[in-house]
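Dear colleague,

Please find below the structure that I am handing over to you. My notes on it follow.

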Amino acid sequence: MNYALHLMFFATFATWAETPKIRVSVKAIQGINAVCLSNQSTANNVAVYHSNNPDGDRTHLLLTHNRRELMPSSKSNIFAPYSETKKYWLNMAKKRFHYYAQQPTKVLVEPLEVKRWVKDGDLLKAAGMKFQVMATPGYTRESVSYLAVVDGKRCAFTGDLIYGDGKIFDLYSFQDAIPEAKVGGYHGYGARLADLVSSLQKIKAWKPDVIYPARGPLINDPAQAINKLIGRVQALYRNYLSTNALHWYFKEDRMRICGERVLGKGAKIDLMPYCLHLDTPDWIIQFSTSRIIVADNGHGFLLDCGGKNQFETAKDLVERGVVKQIDGIFLTHTHDDHSQMVQAAAEYFKCPVYTTTEYKDVVENPGRYLMPGLTENAVPNVEGMKDGETMKWHEYKFTFRYFPGQMIYHGALLVERPKAKPVFFIGDSFAPSGIDDYCLLNRNLVHPDAGYPLCFKIIRQLPKDTWLINQHVPHVFRFSDKELTYLETQYAKRTKILSELFPWDDPNYGIDERWSTFYPYGNIMKPGETREVEVRVINHSPIKRTFKVTPRDHRGAKVLSGPASATLASRGEGAVKVKIQAPKEPGVYVITADIDSKDMHFRDWVETIIEVK
Ligand SMILES: [Zn+2]
């Protein structure tokens with residue numbers, strides 16, 4: 001991408017129309033476009049997005065939306081759409097468990113002092129120019145754009161609404177609730193793509209000559225770029241619906257409401273018909289989100305224990321002698337509706353808890369992560385099984401699999417019983433209508449050997465006629481070869497659409513919010529305590545990359561180590577150590593870090609929460 005050159009060209013370009021009064025310049029600072037419009041006759045200037053320039057008489061700094069990584073270094077005369085940030089981190093220190101709203105946490109660490117909150121329809125007069133405020137939600141709920149005619153040229157400052165030639169910065173920021181379809185934030189895959197489409201249409205109708213985005217190259221053919229982006233996100237959403245597990249859970253009418261929001265009224269929506277599903281065999285006891293496999297001698301093996309009800313039912317089955325005793329628990333994945341009471345059940349039944357090695361640490365230390373629906377109830381001693389490892393249990397053979405379907409920290413258990421069709425317990429990864437990929441924050445990677453592509457392969461390798469069990473589905477079910485091919489083909493198409501949708505050299509950066517993250521995510525520290533944490537990075541790119549990590553202090557919470565880098569092979573994972581010190585004063589603090597690599601700049605991108613007690 002010839003982005004740097006493009007900007008350099010523009011930076012020297014002044015809009016000398018009939019009245020050479022306003023000069024527009026753009027300087028990319030760590031990936032953010034610091035736009036400056038200066039009135040040549042009065043020397044007054046207006047900055048948009050970002051300003052590192054204290055020179056001149058800046059009357060306005062126009063912000064389009066609240067994202068921490070766009071925070072200006074200069075803090076005066078700020079105009080921004082309203083968004084609540086007070087006490088955000090105080091609340092988030094608690095809210096991060098059982099979190100299902102799935103809104104980005106790239107929220108300012110310290111609230112900015114805003115001179116005026118702007119809203120749709122406002123007109124700002126600044127430095128001899130007029131800026132019309134237009135609500136353009138999408139990338140964030142509250143986003144606005146500023147529209148101005150500068151020396152006869154129609155200029156739109158649209159924030160992160162569109163990136164370059166029909167792209168967006170990422171997809172996970174669009175996850176949100178869809179109240180009209182009774183869909184919560186957790187199930188609202190790309191929900192704000194509907195807002196994105198209508199905001200883009202509004203901008204297009206204003207007929208801008210040029211779009212100045214918050215990040216990425218200037219857009220000199222707005223109509224063409226907008227059409228491209230609308231086409232891409234509609235293709236993406238249509239594809240998403242076509243294999244969607246929610247068709248099973250929420251049924252067709254609600255899917256139609258979701259579809260029409262993004263695709264338009266009356267749009268044709270393809271939903272996969274339900275695959276073959278039958279009653280659960282009698283050697284499996286079925287209750288809520290748990291199952292018990294029963295051996296001929298009456299011993300039981302419990303799958304998941306997500307809540308009090310599940311725990312009480314399991315206890316009751318043992319007390320009544322229906323099951324003699326529970327010998328072990330397999331935890332399919334880390335969501336609280338499967339994991340909440342696992343430790344309590346393990347203590348009560350005095351039995352081991354099994355996972356695969358890939359998510360053992362999350363189960364043992366949930367507070368070190370930020371993921372949807374985490375429990376605070378750690379299971380201190382988990383038996384982490386290797387992918388493919390087998391275990392004999394009475395007359396059964398168990399095969400433990402790493403199975404990153406519904407989420408990245410997910411396993412599955414193949415259960416083979418003599419003279420019975422095998423059963424593959426897949427947690428929440430498939431339903432009779434397709435795949436459970438509705439929550440982008442679950443990290444469904446689209447590499448050919450990760451996420452659902454890996455699950456498709458594992459399902460293809462199963463013994464003939466193996467039944468699948470998802471504990472939310474009161475049946476066993478399986479996909480025919482044709483249905484599985486359909487899922488694989490649609491998913492490959494989706495991956496192709498995603499590859500075109502983001503400016504990155506690999507689509508996983510656009511769907512995996514946690515490609516870089518602090519570990520631990522949450523820290524409980526004593527006043528003045530020092531600790532070494534790390535910033536973990538995954539190189540999703542097809543090339544070797546060096547990632548520079550620059551940590552930032554927050555009030556008394558100090559970073560004692562300097563910037564450091566990690567060079568990672570393609571698909572490699574690594575970490576940079578960061579030494580931190582807690583302040584003396586109790587409270588909640590947030591240390592952030594910039595991540596930079598070639599053509600990739602993420603200012604103030606990752607955070608770790610420090611609770612000083
Ligand atoms: Zn789940």
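**Strands, core and domains**

Strand E3 pairs in the parallel sense with strand E4 (residues 57-62) over five bridges; strands are DSSP runs of at least two residues, helices (H or I) of at least four, each numbered from the N terminus, and two strands pair if DSSP finds at least two bridges between them. This is a predicted model, in which local features need pLDDT of at least 70 and side-chain atom pairs count only at pLDDT 80 or more, while totals for chains, interfaces and linings use all residues. Residues are numbered from 1 along each chain as its sequence is written.

Within the E3 and E4 pairing, Asn45 has Arg58 of E4 as its bridge partner. E3 also pairs with strand E2 (residues 32-39), in the antiparallel sense and over four bridges. There, Leu37 is partnered by Val46 of E3. Four residues lie between the strands of the E2 and E3 hairpin, where Ala43 takes a positive phi near 70°. E3 (residues 44-48) is largely enclosed by the rest of the structure, because four of its five residues are buried (20 or more other C-beta atoms, placed from the backbone, within 10 Å of the residue's own).

The largest nonpolar core (buried Ala, Val, Leu, Ile, Met, Phe, Trp, Tyr and Cys residues joined through C-beta atoms within 7 Å) has 171 residues, of which Val35, Ile162, Ile329 and Ala345 touch the most other members. Helix H4 (residues 222-242) supplies the largest share of this core, nine residues.

The chain is divided into domain 1 (3-240), domain 2 (276-478) and domain 3 (512-612), with bounds from an automatic or database domain assignment. The C-alpha centres of domain 1 and domain 2 lie 43 Å apart.

Yours sincerely

Note on methods:
Buried ≥ 20, exposed ≤ 12 C-beta atoms within 10 Å, placed from the backbone.
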